[in-house]
Amino acid sequence: MNEWGEAILFGGSLLAFVLGLSSIIMGFLPQPAGTAGGMKEKIEYGFFGLAALVICLLFVVALNW
């Protein structure tokens with residue numbers, strides 16, 4: 001039954017890694033010229049990407065504990 005916890009942590013870390021990396025990539029994509037708040041969206045994408053990568057690192061540390 002111990003393998004279930006490891007599987008859930010692995011799945012959560014993989015999900016957080018993919019979401020974090022995709023958020024950071026979306027922050028680097030150019031915004032259309034007519035949209036307002038382009039820099040705000042880039043900062044939000046960067047923040048959420050970094051937060052997801054930190055959560056991924058936390059899950060990886062929990063797996064190796």
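Does Ser 23 count as buried or exposed, and at what relative accessibility? In this predicted model, Ser 23 counts as buried because its relative accessibility is 16%, which falls under the 20% limit used for that class. The residue belongs to helix H1, and its side chain is directed in part to the backbone of its own helix, where it reaches the backbone oxygen of Leu 19 at 2.9 Å. When residues up to four places away in sequence are not counted, Ser 23 touches Tyr 45, Phe 48 and Gly 49, and of these Gly 49 is itself listed among the buried residues of helix H2.

Helix H1 covers residues 2–28, and a second serine within it, Ser 13, can be described in similar terms. Ser 13 is buried, because its relative accessible area is 6%, and its side chain reaches a backbone oxygen, that of Phe 10, at 2.8 Å. Leaving aside its neighbours within four places in sequence, Ser 13 is in contact with Cys 56, Phe 59 and Val 60; Cys 56 is one of the buried residues of H2.

Gly 27 also has its place in helix H1, and at 11% relative accessibility this glycine counts as buried. Gly 27 and Tyr 45 are 18 residues apart in sequence, yet their C-alpha atoms are 5.1 Å apart in space. Tyr 45 is accordingly found among the contacts of Gly 27, which, once neighbours within four places in sequence are left aside, are Lys 42 and Tyr 45. Tyr 45 is also touched by Ser 23.

The partner helix, H2, runs over residues 38–64 and has 27 residues; from its first C-alpha to its last it reaches 39 Å, close to the 39 Å expected at 1.5 Å a residue. The buried residues of H2 are Gly 49, Ala 52 and Cys 56. Leu 63, which also lies in H2, is partly exposed, because its relative accessible area is 28%. Its C-alpha atom is separated by 6.6 Å from that of Leu 9, although the two residues are 54 places apart along the chain. Leaving aside neighbours within four places in sequence, Leu 63 is in contact with Glu 6, Leu 9 and Phe 10, and Phe 10 is the residue whose backbone oxygen is reached by the side chain of Ser 13.

Phe 10 leads on to the surface of the model. Together with Leu 14, Phe 17, Val 18, Leu 21, Ile 25, Met 26 and Leu 29, Phe 10 forms a nonpolar surface patch with about 730 Å² of accessible area in total. An α-helix has 3.6 residues a turn, so residues three or four places apart point the same way. Within the patch, Leu 14 has its place in helix H1 and counts as partly exposed, because its relative accessibility is 45%. Leu 29, another member of the patch, lies in the loop between H1 and H2, and it too is partly exposed, with a relative accessible area of 45%. Leu 29 and Leu 57 are 28 residues apart in sequence, and their C-alpha atoms are 25 Å apart in space.

Key
Residues are numbered from 1 along each chain as its sequence is written. This is a predicted model: local features need pLDDT of at least 70, side-chain atom pairs count only at pLDDT 80 or more; totals for chains, interfaces and linings use all residues. Side-chain values use heavy atoms; hydrogens and water are left out. Patches are made of residues with over 30% relative accessible area and no salt bridge: like charges are joined within 9 Å, nonpolar side chains (Val, Leu, Ile, Met, Phe, Trp, Tyr) within 5 Å. Accessible areas come from the Shrake-Rupley method with a 1.4 Å probe; for residues, only the protein chains shown count as cover. A salt bridge is a side-chain nitrogen of Lys or Arg within 4 Å of a carboxyl oxygen of Asp or Glu. Helices (H or I, at least four residues) and strands (E, at least two) are DSSP runs, numbered from the N terminus. Buried means under 20% relative accessible area, exposed over 50%, partly exposed in between (1.4 Å probe, protein chains only). The expected span of a helix is 1.5 Å times one less than its number of residues. A polar contact is a pair of N or O atoms within 3.5 Å; within protein, one must be able to donate a hydrogen and the other to accept it, and residues adjacent in sequence count only if both atoms are side-chain atoms. Contact means heavy atoms within 4.5 Å.
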